[in-house]
There are 2 protein chains.
Amino acid sequence: MTYRAPLDDIVFALRLAAGEGAMEADGVYRDLADGVAEQTLAEAARFAEQVLLPLDTIGDRVGATYANGAVTTPPGWREAYAQWKEGGWNAIAAGEDYGGLDLPALLNAGCTEIWNAANMAFAVCPLLGHGAIEAMEAHASDALKEAYLRRIVSGEWTATMNLTEPGAGSDLGLMRTRAERADDGSYRLFGQKIFITYGEHDLAPNIVHLVLARLPDAPEGTRGISLFLAPKFLPDEAGGFTRRNDVRCAGIEHKLGIHGSPTCTMIYGDQGGAVAYLVGEENKGLACMFTMMNNARLSVGLQGVALAERATQMAIGYARERKQGRAPGAKETSAIIKHPDVARMLLTMASSTAAARAICYETAAAIDRAHRDSDPARAAAANERASLLTPVAKSFSTDVANETTSLAIQVFGGMGYIEETGVAQLMRDARICAIYEGTNGIQAIDLVTRKIRGGDGAALAREIDDMRAIAGEADVSREALHECVEALAQASAFLTKAELAGALAGATPYLRLFALARGATLLVKGATRAQREANPNAARYAELARFFAENIAIAAPGFAKSVIDGGASVNESHAALGE
Amino acid sequence: MTYRAPLDDIVFALRLAAGEGAMEADGVYRDLADGVAEQTLAEAARFAEQVLLPLDTIGDRVGATYANGAVTTPPGWREAYAQWKEGGWNAIAAGEDYGGLDLPALLNAGCTEIWNAANMAFAVCPLLGHGAIEAMEAHASDALKEAYLRRIVSGEWTATMNLTEPGAGSDLGLMRTRAERADDGSYRLFGQKIFITYGEHDLAPNIVHLVLARLPDAPEGTRGISLFLAPKFLPDEAGGFTRRNDVRCAGIEHKLGIHGSPTCTMIYGDQGGAVAYLVGEENKGLACMFTMMNNARLSVGLQGVALAERATQMAIGYARERKQGRAPGAKETSAIIKHPDVARMLLTMASSTAAARAICYETAAAIDRAHRDSDPARAAAANERASLLTPVAKSFSTDVANETTSLAIQVFGGMGYIEETGVAQLMRDARICAIYEGTNGIQAIDLVTRKIRGGDGAALAREIDDMRAIAGEADVSREALHECVEALAQASAFLTKAELAGALAGATPYLRLFALARGATLLVKGATRAQREANPNAARYAELARFFAENIAIAAPGFAKSVIDGGASVNESHAALGE
């Protein structure tokens, strides 16, 4: 057993984020009433543990393989994908118009965590596909939706996002893939895209590519990018999809992790042009992409939570079994979990994972409220909150995944360095999460420039007020919480008025500081509620909240100093950077 | 070019650690006068860059391979080892009696850093062999030295350390390998050892194993362990070494990194007993091992410095070339090094590497002074200092290696996740350093229990006084330095009087806190000296010292709080650990 879905913790975090009463018959989450959330999560857990988890190791060992333009997924993955599709999992969060169940982002978050913990290299396929679904729901024509979206929602076909090029990664404005208008109203694409997750594979008979490209008369930079749909197979006259489009996979990458997930180089149009259809308006492609960006970023944050959770479970399991040395006061050799230094590592892992989960689910709930709340003002505030929290959820959770999977190796000691044990794979798999869907640095810059400096500051003020309220009522660790939240308030005040370069220099420590304050207060809020409700896990939640406040969030004043006083030493260092 | 030995920085750190005048004709390091240190390092760099570095990638890709008891090293490694031996590199730090050059630990530290940066999987073979040399120098009989040591020193044969067993890792007292006395005064060994680095290979015609085992009448635990020498080939009647001993390699591990280095399972005595000779006295084996432990731990710290340096160089190189986005004030697309957030990552890497290097070289200098200083009191104090600094040098440097190699991947973005780029290998290789030769947690416990609580506190008091003096004279970052050093003093005072479990719970944050204070003050000391001497790198050193003080060492008060106030939340958490 290397992973068991922590249903108790997920349901608890989910209910905490939803807010009290939200899952009752008259609440925002009325569709989750009567145990729907719990039942769905339990089913998702069964599927993850029984179908996805056993394929995780072989996915790593064998990996996806490439030959002559075709990609073969690891043994067993085709069968698992068929079960995924049959089980209807692909459709849960998609809109109802094209076959989705329209379940809330919050429930989808729980499922996403579980699937990715069991087998991230598999789960990343539908995860990114969900982004394509959202982009199409919002921007595609009815004809495109009818022809493609229904089959993507059902999982019959998969979908990809094609953004990155060799010269255009974080800066999409440098993109060079070219689109030409055809006489029939369609377009032809020419160019190369790299790092395309599941750009080619054998899980489904057709693959629908959403591709960013530039029209010949487009403005320079990001205002000249359009979004296109280019399927692997085009419709034939009989209504089937048998005509091969001019798009091919030229190879897959040899990566540090997620070996089961093919990362493809895609070539468009070297046989005359890939047939493509416009999604949304010309030159508005980036806006279409941003539609789904918040959700995709949150999903990557959930991948972080997922791997952190699994690493924590594995480390605790090993530390209970492995006996070395005598713990203080012990008369015989102790399980290493009894050694305070090992306990510290495990508590760091468990509490950071819980904090990251709380932030992610809070973000999902804000996304839902933005869509579901009947009060427009509340919905608008929730939308601002989702924007504010999304970069934090993405970056902090994936940083925690890196730290936690590395700590798991440390707890395993020499055994952790051996691939057979499986924890090393978690570290390798996790490492991409801080990079893709916008690097964590990009997230921090987004947080500081758009979310803190860009708006009227109301969302931030509400967030800090909420943290202060929790800290003020806390039974334990009150001083640590207070110090942490006030450090955030000070750093926030500094950033709103700092000159741009100084603000940017503090972006990463600021994001971490934000996450510490938000994570610590959410854990305390949860612990208080668990105690009040006599939750059977109340003691555990209280311990994790206290440990996090007194050992992790304690770093907050240091990060605030780094934001406020440390930026100059970044921007005034030239010799050290060889300038 | 993925690595160029930073000779300027190494020589500077070496001279700083040696102390002013130490390398003159009348100083402690008189054998390094007249440019001997600089010349030796330049030669070591040439060998590393021209011979070892080109084999690093193939070592990772092909790895060491196992078949039928034999291990084949990657292509080109045999030739490189022959050059290593011919160049006399193996002998530089060994004593003169058996063919060594007896050069100081400080110079060996510089060379060790350079070799490991170029190819850690190769360099770990002589690195661990050096520990065997030291153990034999101190404890082996003259007959064993004559027969084996000379050939190990020259590099004709290699040597291994056999400590770990499946049930005995950090706790060597649980060891079960059995030794029996033979009639001729030799011994026979029976048992299994795991994780034996270069336990079998094709680089040299004989391999000399130093093996910890237990005699039938030995006391329980660590007081019943003896050290033996068991060569792969035993002497024959003609004086050759042709008789195969009863020791064999049963397999090698599939590891996260250092693939070129075979990690062997060794079976002793399944054909009647492996012939072995006692080293030192019966049941005093662990003491013999501890002889060489300080140096081996420092060497692993230097591996950390090495990989951190190489990762920093690669990241700075990439960040100068890669253009994405516009930096503040820029009119065109900028090299990413111009973005403050990227600059922060690079400065974190460069300054942490410099701090780790400074601490390691300071430790090496303390080891040298303990052996070389003509004043017995100064020598004794230096010995205490070496003991105090060694766990800090080992843990901090290897933590920095983990952090820095991971940051290098982050700077490379998606390209960093592709194995072809080479930075991912650095992260995988580095990950073992925090584990072997005593996990970093074991180091922290050693620091707190033996070095802080175990002695009279004089060495610690001298160290803190030295830090205070530097902080008090600092031109810049004085407040940050002061706060950092006083945080260390407070945490130290707490640890000396805390009950054991509470002290142990704070061991890891305390070690980090110690390293921050020591690292920050050494960087400032160096920057001041560089400015005074009009060193061409003075501006760079000043920037790194300032950045480290104002952005990294700033975490010190938080760590002190974690040590002083956070231990209770570790030791009082039971539910969270499933107890």
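Here are a few numbered points to help you find your way around this structure.

1. This is a predicted model, in which local features need pLDDT of at least 70 and side-chain atom pairs count only at pLDDT 80 or more, while totals for chains, interfaces and linings use all residues. Residues are numbered from 1 along each chain as its sequence is written, chains are lettered from A and ligands numbered from 1 in the order in which they are written, and side-chain values use heavy atoms, with hydrogens and water left out.

2. Start with the two copies. A turn of 180 degrees with a shift of 0.0 Å along the axis lays chain A on chain B at an RMSD of 0.0 Å (superposed by least squares on C-alpha atoms of residues with pLDDT of at least 70 in both). That is the relation of a two-fold axis. The same surface serves both copies, as 100% of the contact residues of chain A recur in chain B.

3. Next, the interface. Chain A gives 86 residues and chain B 87 residues to the contact (heavy atoms within 4.5 Å). About 7100 Å² is buried between them, 58% of it from carbon and sulfur atoms (accessible area, 1.4 Å probe, lost on being put together, summed over both).

4. Six salt bridges are found across the interface of chain A and chain B (a side-chain nitrogen of Lys or Arg within 4 Å of a carboxyl oxygen of Asp or Glu). Glu579(B) and Lys338(A) meet in a salt bridge at 3.8 Å, N to O.

5. Within chain A, look for domain 1 (159-285) and domain 2 (440-570), bounds that come from an automatic or database domain assignment. Their C-alpha centres lie 40 Å apart.

Conventions: Buried area = accessible area lost by both parts, 1.4 Å probe.
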